[in-house]
Amino acid sequence: MSYRVAVRALCEFTAKQGDLDLRFTPSPTAQEGIAGHGQVAARRGEGYEREVALEGHYRNLQVRGRADGYDPAANRLEEVKTYRGDLTRQPDNHRQLHWAQAKVYGWLLCKARGLPSLSIALVYYDVVTQKETAIVETFAAESLRAFFEMQCERFIDWAEQEMAHRACRDQALDTLRFPYREFRAGQRQLAEAVYKAVCTGTHLMAQAPTGIGKTLATLFPPLKAFPGQKLDKLFFLTAKTPGRRLALDALSRLAPSDAPLALRVLELVARDKACEHPDEACHGESCPLAKGFYDRLPAARAAALSRPHLTQAALREIALQHQVCPYYLGQEMARWADVVIGDYNYYFDVSALLHGLTQANQWRICVLVDEAHNLLERGRSMYSASLDFRNFKDLPSSSPEVLKKSLRRILRCWRELHAEQNTSYVVHSQLPGKLIFALQQAISAITEYLGEHPSGLDPTLQNAYFEATHFCRIAELFGEHSLFDCSLLPARRQNAGRGSLLCIRNVLPAPFLEPRLRQARTAVLFSATLSPRQFYADTLGLPVNNVWLEAQSPFSAEQLQVRLARHISTRYEHRSASLQAVVQLLARQYRARPGNYLAFFSSFDYLQQVSAMLAAQHPDLPFWEQTRGMDETERAAFLERFTCDGRGIGFAVLGGAFGEGIDLPGERLIGAFIATLGLPQMNPVNEQLKIRMDALFGKGYDYTYLYPGLQKVVQAAGRVIRTTEDQGVVHLIDDRFARPQVRRLLPGWWQVTDSSN
């Protein structure tokens, strides 16, 4: 049995030394990198070979990869690296890693073609100036072989350990049993569909009601399939923290503490939640956990492998014991974990870690997308970018002298863009080429400045730098799936020039999500609200041959009374007139059955109008409110009011923190009032989305307003019935809920009765 490793992965394991250093940034985007490699190859002569596939063995180690280029006439192998900024500022350990990769490729080429010696060039291509810098050395084949074998020797013990781990893991998974005696209703159906999808390499969309145990039903089958399907990794991706916790809890049930499963589980969190020194820059001269990071990494990595469940807390503990950065230790452990639990962006974002590792290592993976209805808006945000004039307008006066010229050029191009704009909102058919070029020039200047001034940037300039960098990256991806718009901003003071907000706004994330889904052997997208099927298939980029499952509900209509208040309109123009009727309905239900309720509204303003009238007319009826900008402590306090013996109504905004992802079983929540259809606000931006969706799919209103709105309604109603023992009531407050096209989007097991009479 041999262990496969990519050249890049081998060298990153054996040849990285010294500090963690992110100053030689921002690195070019993937598109810039591809374009740069293509430009370099296009300049070469006839007979130049691109993307040369190479492979070699050392003992039980199989090493493979693709060299960037080879010129047989010159007998020269090229390793091309794209960059921006001042090349002389490149950290030594970056250059050392590049030489290691090039020399390993060099030996594999010498061996494959019987070459006695080889010229090797590191070719650095500046994506801004389009100039090449080549560093060339000639090596005898024997010296390259010795270098290759030295790297393999450094890795071989680790490879043997990894093979032993995989054998132990697969043996344990072969005997894995479901942790409960029986599956819940609908849970077995979901689990069987997931297992079949993994075994056949198909993609599955599964709509399964809350309460059947979706997390366990989706995690258990791919783990059972690991050995037979030779899977390398399982990625469980979720939109919110509660989803990560549910997955970790489910895996703990599969591997109880008294009989741990030979499975490495890693929880990835956002950088801002893992950083120990948020005020320091990520390099050894600033952050103590970046100093000597790669020198201390092997010991930290070994310690991390002794903990089968690397939760955020466990990872932090190990990292601080070894004085390395917890966030980047987590990034390293993603290479060696079997199950990785993290946010959607770790696989679907522009420069997603897990997707990049999957490509580089050619892993066979299974991707589970929890609460997949959230992926539409999250996908849009990943491939959108904005620039706010207010963040840039004062920079020339407050920034270092060397940067003033490039920053003034940005403002000049920006003002030209909106100078003739007469309305507050305009959609442009093309991107602003002059402005984007000015941004790119400024990014290069700032990058060079950072190399010379390791203390970093003023926070305002740094934020503008990141904003500009992201905007330029998203600009490269612009197409019919996106809009470019300009919104004028009000002047903050008299006679002050007006600014604008520029947005590259993704409308349809499918073109970006589809390749990521196809990269997986199997992707399972599951949620309680994935209807209509075609809407999510179209917008999320599901392959045409995806499989659909609507799991059987474990709940009966007798458990949930669904009452329609068709005599009330919650439309904006009818809000004032609706207040008295809504308050009467809330009070009447509460008096009939005192307990804990949630009341959902379309906005904070509407919520506050209803709560004020309720307080005035029914001062004895307890209630509490969601407020704007609640932090985690405040959200926890809101939920703590829902006790088993509690009484009162929690007021919340539909689509907010309490509309999904919370679990209040039994008497903790016995009912909900939903005083809105949840339709997105009708504004110029959404109207443009509707026009584009109509052009793409012929269902502009449904895809922009109706389907996203009703999804929020069903999610909110799903908070009431959480177990097969629960009993509750949901009031749908709006006459539009009676419309056939709306009723069709509600769960089939609901029996809606008219409560207007």
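Helices α5 and α6 cross in a right-handed sense. This is a predicted model, and the α5–α6 pair is one of several helix contacts picked out below. In α5 (residues 187–200) and α6 (residues 214–229), the axes sit 8 Å apart at an angle of about 30°. Besides the helix pairs, there are two nonpolar cores to look at, one with 184 residues and a separate one with 37, plus a few backbone oddities and some individual residues.

**Helix pairs: α5 with α6**

- On the α5 side, the contact uses Q187, L190, A191, V194, Y195, V198 and C199.
- Facing them from α6 are K214, L216, A217, T218, P221, P222, K224, A225 and Q229.
- Sorted by class, that contact comes to 11 nonpolar, three polar and two charged residues.
- V194 turns up again further down, as a member of the second core.

**Helix pairs: α10 with α11**

- Helix α10 covers residues 312–321 and helix α11 covers residues 326–333; they pack at about 110°, with 9 Å between their axes.
- That angle makes the two helices roughly perpendicular.
- The α10–α11 crossing is right-handed.
- L315, R316, I318 and A319 do the touching from α10, while α11 brings P326, L329, G330 and M333.
- Six of the residues in this contact are nonpolar, one is polar and one is charged.

**Helix pairs: α19 with α20**

- Here α19 (residues 510–519) meets α20 (residues 533–540) at an angle of about 85°, and the axes are 7 Å apart.
- So this pair, too, counts as roughly perpendicular.
- From α19 come A510, L513, E514 and L517, and from α20 come D538, T539 and L540.
- The class split for α19 with α20 is four nonpolar, one polar and two charged.

**Around α20: P532 and L542**

- The peptide bond between S531 and P532 is cis, with omega at about -5°.
- P532 belongs to the loop that links β17 (522–527) to α20.
- On the other side of α20, L542 is in the loop leading to β18 (547–550).
- L542 is buried, since its relative accessible area is 7%, under the 20% cut-off.
- Setting aside residues up to four places away in sequence, L542 touches H203, M205, L517, L525, Y536 and A537.
- L517 in that list is also one of the α19 residues that meet α20.
- C-alpha to C-alpha, L542 is 9.5 Å from P515, and the two are 27 residues apart in sequence.

**Nonpolar cores**

- In the largest core, which has 184 residues, the members touching the most others are V63, F155, F348, F392 and L732.
- Leaving out neighbours within four places in sequence, V63 has contacts with V5, V7, L10, L54, E55, G56, V104, L108, F148 and C152.
- There is also a second, separate core of 37 residues, and V194, F220, A250 and L368 are among its members.

**Positive phi values**

- Most residues other than glycine have a negative phi, and most peptide bonds are trans.
- E51 goes against that, with a positive phi of about 50°.
- E51 is part of strand β2 (residues 49–58).
- With a relative accessible area of 39%, E51 is partly exposed.
- N75 is another non-glycine residue with a positive phi, near 50°.
- N75 sits in the loop joining β3 (61–71) and β4 (76–83).

**S487 and T423**

- S487 is in strand β15, which spans residues 482–488.
- Is S487 buried or exposed? Its relative accessibility is 18%, so S487 counts as buried, the cut-off being under 20%.
- Beyond its neighbours within four places in sequence, S487 contacts S424, Y425, G499, S500 and L501.
- T423 is found in the loop between α16 (401–418) and β14 (425–428).
- T423 is partly exposed, at a relative accessible area of 44%.
- T423 and R692 lie 269 residues apart along the chain, and their C-alpha atoms are separated by 21 Å.

Key: Residues numbered from 1 in each chain as written. Predicted model: local features only at pLDDT ≥ 70, side-chain atom pairs only at ≥ 80, totals over all residues. Heavy atoms only, no water. Axes fitted to C-alpha atoms, helices over the stretch in contact; angles between N-to-C directions. Helix = DSSP H or I, 4+ residues; strand = E, 2+ residues; numbered from the N terminus. Parallel < 35°, antiparallel > 145°, perpendicular 65-115°, else oblique. Left-handed = near helix turned anticlockwise from the far one by under 90°. Contact = heavy atoms within 4.5 Å. Nonpolar A, V, L, I, M, F, W, Y, C, P; charged D, E, K, R; others polar. Buried < 20%, exposed > 50% of the residue type's maximum accessible area, 1.4 Å probe, protein only. Core = buried A, V, L, I, M, F, W, Y, C linked by side-chain atoms within 4.5 Å.
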